[in-house]
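Here is a friendly walk through a two-chain model, written for reading alongside the viewer. Keep the structure open and turn it as you go.

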Amino acid sequence: MPEAAYQYFESPSVNQENRNPKFKIFWREDAFTQREDAFTQSDLVSTKDEQAQELILQIRKSFFIFNQESLANQLITLFNFAKEERPTSPGISVNSLSSFYDFLKLNTNIRTPNLSLSPDRNIYASWRVEKRVFSAHFLPEGDIRFVLFKPNKRHPKRKIRVTGIATSDTLMEIIAPENLSDWVLYEG
Amino acid sequence: MKGDAVPDSDNIARFCKPSTALNGIIEATAFMLRERDKGGLSVNWLEFLKCSDRDHEIKEVQRIYSETLSVSKNARIAILNVGEIRDIVRSETHDDRNIEVLHDPVSGGDQSHSEIHNLKPDNEEIAELILEVLRETHPAR
């Protein structure tokens, strides 16, 4: 595989359950420029992209995660969007994606969130139902910054707003008292 | 004029990249700054365009985007009111954050360009608060 080629998923649509992702090869304009550097910036980006793609494939094959196909399809679409927006930058932060995967492995009954990418290409997962919001920003260092908004039942005109920082193995313990069972988690 | 505050009564448009609006649903990430950014969040001042109605404002913003950005069919425009943004952030943040929307015309370019300042720290919380007062969304092209 020539070093200047980028490979990424040929699956622009989100709802593609039961379809295997296909790779599409994109060539940079300077694909045939010979470079003498042993390791270039494009090599680094290609390596990171390959790692991200591998992680997404692992998520897709993780049948112990309740909705692994839907999550993988969202990630594929986001990866492709990110490469279109900035072809010479990594699609998704590999470390952020790894942190997200760790979170999924520890919380297999998570409902499917809406996924998006932060300006630094980190995973941002949001669960929204009516006036309730739980969002988690998966940082590359392993921390997760989270936001929780929900109605204040005792004071209807006000909202409860909780923000904080945790790790993938502690986040749900911290949030558990807020009773996410009918909104972020599947029961049973 | 550069540096003038956009009035609270006026409205702004924010370009939302496809990676912040999967399936056309704008997420809070559309209103976040990069960690290393020291400036403000770019927006367009709609009333500055002096269009007859919202449809014409949107068309004008789409034209501006087509000249200044790479606009994919999956990109979106978020419409927000300046006063609503400032009110919700001030009333709902622990430090009564006073964000500002300042006119920042581009020399020889986009004259409606403005910026939202004082967004950091608490990137996520403020982004979610801004999303809460999102008024409209439109295709970016």
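The report below covers the fold of chain A, the interface, and then a few side chains up close.

**Chain A as a whole**

Please keep in mind that this is a predicted model. Chain A holds 4 helices and 7 strands. Reading from the N terminus, the order of elements in chain A is β-β-α-α-α-β-β-β-β-β-α. Of the 188 residues in chain A, 49% are buried. Chain A exposes about 9800 Å², and carbon and sulfur atoms supply 49% of that area. If you take the contacts in chain A between residues at least 6 apart in sequence, 56% of them join residues at least 24 apart.

**Where the two chains meet**

The size of an interface is often given as the accessible area lost when the parts come together. Here, about 2300 Å² is buried between chain A and chain B, and carbon and sulfur atoms give 52% of it. On the chain A side, Phe81(A), Pro119(A) and Arg161(A) lose the most area to chain B, together accounting for 24% of what that side buries. In terms of residues, 27 from chain A are in contact with 23 from chain B.

The polar side of this interface is worth a look too. The rule finds 13 residue pairs in polar contact across the interface of chain A and chain B, with both partners at pLDDT 80 or more. Which elements of chain A each supply at least two residues to the side that touches chain B? They are helix H2 (68-85) and the strands E3 (114-117), E4 (123-129), E5 (132-138), E6 (143-151) and E7 (159-167). H2(A) gives the most, with 5 residues. Sorted by class, the side of chain A that touches chain B has 10 nonpolar, 9 polar and 8 charged residues.

**Salt bridges**

Side chains of opposite charge can pair when their charged atoms come close. Over all chains, the structure holds 19 salt bridges, and 6 salt bridges are found across the interface of chain A and chain B. Four examples from the model are listed here.

| Salt bridge | Closest N to O |
|---|---|
| Arg161(A) and Glu92(B) | 2.7 Å |
| Arg145(A) and Glu124(B) | 2.7 Å |
| Arg121(A) and Glu85(A) | 3.4 Å |
| Arg54(B) and Glu136(B) | 2.6 Å |

Start with Arg161(A), which pairs with Glu92(B). Both residues belong to a network of salt bridges that also links Lys159(A) and Glu132(B).

Arg145(A) also forms a salt bridge with a residue of chain B, Glu124(B). Arg145(A) lies in strand E6 of chain A and Glu124(B) in helix H3 (residues 123-132) of chain B, so this pair joins two chains. Is each partner buried or partly exposed? Arg145(A) is partly exposed, with a relative accessible area of 23%, whereas Glu124(B) is buried at 5%.

Within chain A, Arg121(A) pairs with Glu85(A). Arg121(A) sits in the loop between E3 and E4 of chain A, and Glu85(A) in helix H2 of chain A, so the salt bridge ties together parts that are 36 residues apart in sequence. Arg121(A) is buried, with a relative accessible area of 4%, while Glu85(A) is partly exposed at 22%.

**Around Arg54(B) and Glu57(B)**

Now move to chain B, where Arg54(B) and Glu136(B) meet in a salt bridge. Arg54(B) lies in helix H1 of chain B and Glu136(B) in strand E6 (residues 136-139) of chain B, so the pair ties together parts that are 82 residues apart in sequence. Both are partly exposed: Arg54(B) has a relative accessible area of 23%, and Glu136(B) has 27% relative accessibility.

Arg54(B) has another partner as well, since the side chain of Glu57(B) makes a polar contact of 2.7 Å with the Arg54(B) side chain. Glu57(B) is placed in helix H1 (residues 54-68) of chain B. With a relative accessible area of 8%, Glu57(B) is buried. Leaving aside residues up to four places away in sequence, Glu57(B) touches Leu46(B), Glu47(B), Leu49(B) and Cys51(B).

**A stop at Thr167(A)**

Finally, find Thr167(A) in strand E7 of chain A. Thr167(A) counts as partly exposed at 29% relative accessibility. The side chains of Thr167(A) and Asp169(A) are joined by a polar contact of 2.6 Å. Not counting residues up to four places away in sequence, Thr167(A) touches Gly142(A), Asp143(A) and Ile144(A). The C-alpha atoms of Thr167(A) and Ile144(A) are separated by 5.4 Å, with the two residues 23 apart along the chain.

Terms used:
Residues are numbered from 1 along each chain as its sequence is written. Chains are lettered from A and ligands numbered from 1 in the order in which they are written. This is a predicted model: local features need pLDDT of at least 70, side-chain atom pairs count only at pLDDT 80 or more; totals for chains, interfaces and linings use all residues. Side-chain values use heavy atoms; hydrogens and water are left out. Buried means under 20% relative accessible area, exposed over 50%, partly exposed in between (1.4 Å probe, protein chains only). Contact means heavy atoms within 4.5 Å. Accessible areas come from the Shrake-Rupley method with a 1.4 Å probe; for residues, only the protein chains shown count as cover. Buried area is the accessible area (1.4 Å probe) that two parts lose on being put together, summed over both. A salt bridge is a side-chain nitrogen of Lys or Arg within 4 Å of a carboxyl oxygen of Asp or Glu. A polar contact is a pair of N or O atoms within 3.5 Å; within protein, one must be able to donate a hydrogen and the other to accept it, and residues adjacent in sequence count only if both atoms are side-chain atoms. Ala, Val, Leu, Ile, Met, Phe, Trp, Tyr, Cys and Pro count as nonpolar, Asp, Glu, Lys and Arg as charged, and the others, Gly among them, as polar.
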